[in-house]
Amino acid sequence: MTAVFGIFLLTLLVITAVAIVRTRNLFVATMLMGIASLLIAANFFVLDAADVALTEAAVGAGISTVLFLSALALTSDEEKAGSSRRILSFLVVAAAALVVIYATFDKPKFGDPEAPVQAHVAPWYIEKTPEFIDIPNIVTAVLGSYRAYDTLGEVFVVFTAGIGVMFLLSYRRAGHTPTSRAPDPGLRHHLIPRVLGRFLIPFILLFGLYVQFHGEYGPGGGFQAGAIIAAAVILYALLEGEERALQVLSRRVLMGLVAGGAILYSAVGFAGLLLGGNFLDYSVLASDPVKGQQYGIILIEAGVGMTVTGVLLSIFHAFAAREQ
Amino acid sequence: MEFLGLYHYWVFAVLLMIGFYAVVAKLNLIKKLIGLSLFQAAVFLLYITMGKVDGGTAPIFQTASQTNVFSNPLPQVLILTAIVVGISTLALGLGIVVRIKEEYDTIEEHEIQEIDRR
Amino acid sequence: MTGLDQHLPALQVAVPMVASAFVVLLNPKGLAWAATTAVSAMSFAIAIQLTMLVTAGTPLTYAMGSWPAPFGIALEVDSLSALLLLVITGASTIALIGARASIDAQIAADRQIYFYSAWLLAVAGLAGIVVSADAFNIFVFMEISSLASYVLIAGGPDRRALPAVFKYLIMGTIGATFYLIGVGLIYMMTGTLNLADMELRIAGVSDQRPILAAAGFITVGLALKAAVFPLHIWLPNAYTYAPHMVTAFLAACATKVSLYVLLRFDFFVFQQNLDGHTFQFAAYLMPLAILGILVGSAVAMFEGNLKRLLAFSSVAQIGYIMLGASLLSAAGLTAGIVHIFNHALAKGALFLALGAFALACTSLRFETIGGIARAMPWTFGAFVLAGLSLIGVPGTAGFISKWHLIGAAMELGPPGLALVAVILISSLMAVVYIWRIVEAACFGAAPADFPDVRVPPLLVTMIWVAAITNIVFGLVPDLPLELSRDAAASLLGHVK
């Protein structure tokens, strides 16, 4: 049954992808991208990757759609020219695809528990996590502790993107003075979205916090929570106008979140170093190494959540402020 | 099951091709970024597919009674990171496109080249 | 090894990284520059200390979070990484010390905190790639350094910086994704991400097809990021329209870090595990290297924009490094690796000097730099000195790498003579393009309204520091040569 479902999802995905590339309307393409992301997320779920599915749904279908729409509002939603050098492009692309097909043609078998991937490193994580870290979610254990350095790097990738967008969009065009415009009313005068939104936002926030603090036990963690909380605030901004959203979380506060999360994460790393361990060694944070690991993971997940929320909202506001 | 395994890899290859084609051949800058997202999504699929174990569950310990067959947590961790890297690149790319539109009043590659040549 | 020393590999990355987050919280504008420069200098000090530790004994390894490899992420610093770390942090520090006036002129004051933060992220990202011994971790830091470089380049005041950086972003992301596909395929067959562990486990893989495909993806992906001819098309515009100080910094180290990963991956993982790979590596890369050398130099001879000219010269110089590597001999690798160092010295100094010229000239084209030699005699003197090093005149650092490269080519016997001819021809082309600049600067007609600009003393000092290192390492090349020889021996130790 799952197999049939998987084939169904993948086929839909390919059809959607073709439609995305063929359509000339960028608005349509963006919406289809959201659908494609949801299909991918569903497929990840079928493949036992609950954490990744949650992230793909929140990031791919949620945040990236918002970003595309913000950019479309500032550019244009019609693709004027089609494609160029079709045959050459097709050949280059086909060459890459052939290499991939050549590489994966018949092995290792899908789902094979004996495949090399399942035989090395991964079993160690599954076996040792109860002993060293003792949290139920192995993905969180790997992400937050065994490969915490990757995750630290990832937080700084997000941070770089955040300051990058702020840098790009803080450019003041010559002869273009920002006019003090009337506050954007958002959808304040539309009763139905407003009532529905007001009803939804608290629940979204609550769910975001649940995902943040439940990451050790179930699917979730700082990235997903950050994306969800940012989505709630963006919804608020759409309903009540951007100014109202900025009154709740001002640019300074957002900047504090952006930098603060990254600093918090690094500080946990340095704390390990100062207490006699290696960088990012949480075992030394408490007298019991297992407790230390758990504290460390909770702290760094908080740092991740802060930076992701701050960056996503800062990017949203940076795009929105350009709409004049 | 055998067929499903290959099907996953084929979809990966096809998706990779579709995305890559859009990046290389399309002239609209936003369309290029859309293609780039698809291209990266295909790679996510490759990693997650290889981590699946038959009869396994998501790698989260639940009640003690449960069988301990888990799918591989490591590719999942890697792809969590890669998804976030992807969205960061996308955000920066869109920021650049917005600035290009402001400066050139177009987001079509060949029109920009023509303006620069003048 | 005492307390702090053993943590230096981690600090090399973590210090500039966390500092970048503090920089955006700073308000007064001068402070951002001072803090960034201080942190960069600190990174340089760490790199020097690491180099001393490496030259004194065995390579350093570090287990992140105290988790043993391959379960946790390991860092590793050997001679090759030490050399790269010196180049990255040294170029960043010298450029930053001299950069203030140029950056103030090119970037609005209220945007500078983001700019300086991105600079530190680029340093941290590049250093992170170099010290990492984990294939996926390299990808993460590659993305930090790439995104930070996009931000830095997009800071260029000319609007053409934007399409240039967009092209770089697209090609860079394709390169990184190809790398990710390759790593995924290897991971699929071995179950590990640690480079040393990969090398051991690939030997036991019976089906070589995925590994072969992975080698293809990784090589093409990294060659894209390293701007190996013919995948260099993003480079000239990106370097031309970037802020001048950014060009000086990135031209010295950014592409070389990708070359470093390419060398390391190829030698550590593939060379002894794939049948015929040694031959393929040489057979594919040598023609590309030769074409890159000749085409890059030829285009540079006819280019009208000075920054673009030097950017095309960089394409040729990347060719030299690849040529040395493709000889697959101890002498060839030594020459290629030492050229990473020597080219950084010459190109860094040249681009810094161009940054100083730009303070007075309306643009950096041959028509507009007339008379600059008289207006800025000191800066111009340093420019000529660095230009001589780029050409490879005896007594300069550039000579050392070319001399070793020629020596390595002669080892091949008669076919080597063709390579020697290529090196000599491209050196003559370098004479032509450097002379064209000198001629225009000395004898070109000065514009009537030539502004009387004094180059800031800090910038002149740094240009001279960079120029003099070309002489110092030309006369006393022991340190870079010793590191390169050691690096070459360690790379070749992995070849069957």
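Biologist: Which residue follows helix 2 of chain A, and is its phi positive or negative?

Modeller: A:Asp48 follows that helix, and its phi is positive, near 70°. This is a predicted model, in which local features need pLDDT of at least 70 and side-chain atom pairs count only at pLDDT 80 or more, while totals for chains, interfaces and linings use all residues. Residues are numbered from 1 along each chain as its sequence is written, and chains are lettered from A, ligands numbered from 1, in the order in which they are written.

Biologist: Why is the stretch 26-46 of chain A called helix 2, and how does its span compare with the expected one?

Modeller: Helices are DSSP runs (H or I, at least four residues) numbered from the N terminus, and this one has 21 residues, so it qualifies. Helix 2 of chain A reaches 30 Å from its first C-alpha to its last, close to the 30 Å expected at 1.5 Å a residue, where the expected span is 1.5 Å times one less than the number of residues.

Biologist: What makes A:Leu32 count as buried?

Modeller: A buried residue has 20 or more other C-beta atoms, placed from the backbone, within 10 Å of its own, and A:Leu32 is among those of helix 2 of chain A that are buried, as are A:Met33 and A:Phe44. The buried residues of this helix pack against helix 1 (2-22) and helix 3 (50-74) of chain A, together with helix 2 of chain B.

Biologist: How many residues make up the contact of the two chains?

Modeller: Chain A gives 83 residues and chain B gives 73, two residues being in contact if their C-beta atoms, placed from the backbone, lie within 7 Å. Helix 3 of chain B gives the most to the side of chain B that touches chain A, with 23 residues.

Key:
Helices (H or I, at least four residues) and strands (E, at least two) are DSSP runs, numbered from the N terminus. A residue is buried if 20 or more other C-beta atoms lie within 10 Å of its own, exposed if 12 or fewer, and partly exposed in between; C-beta atoms are placed from the backbone.
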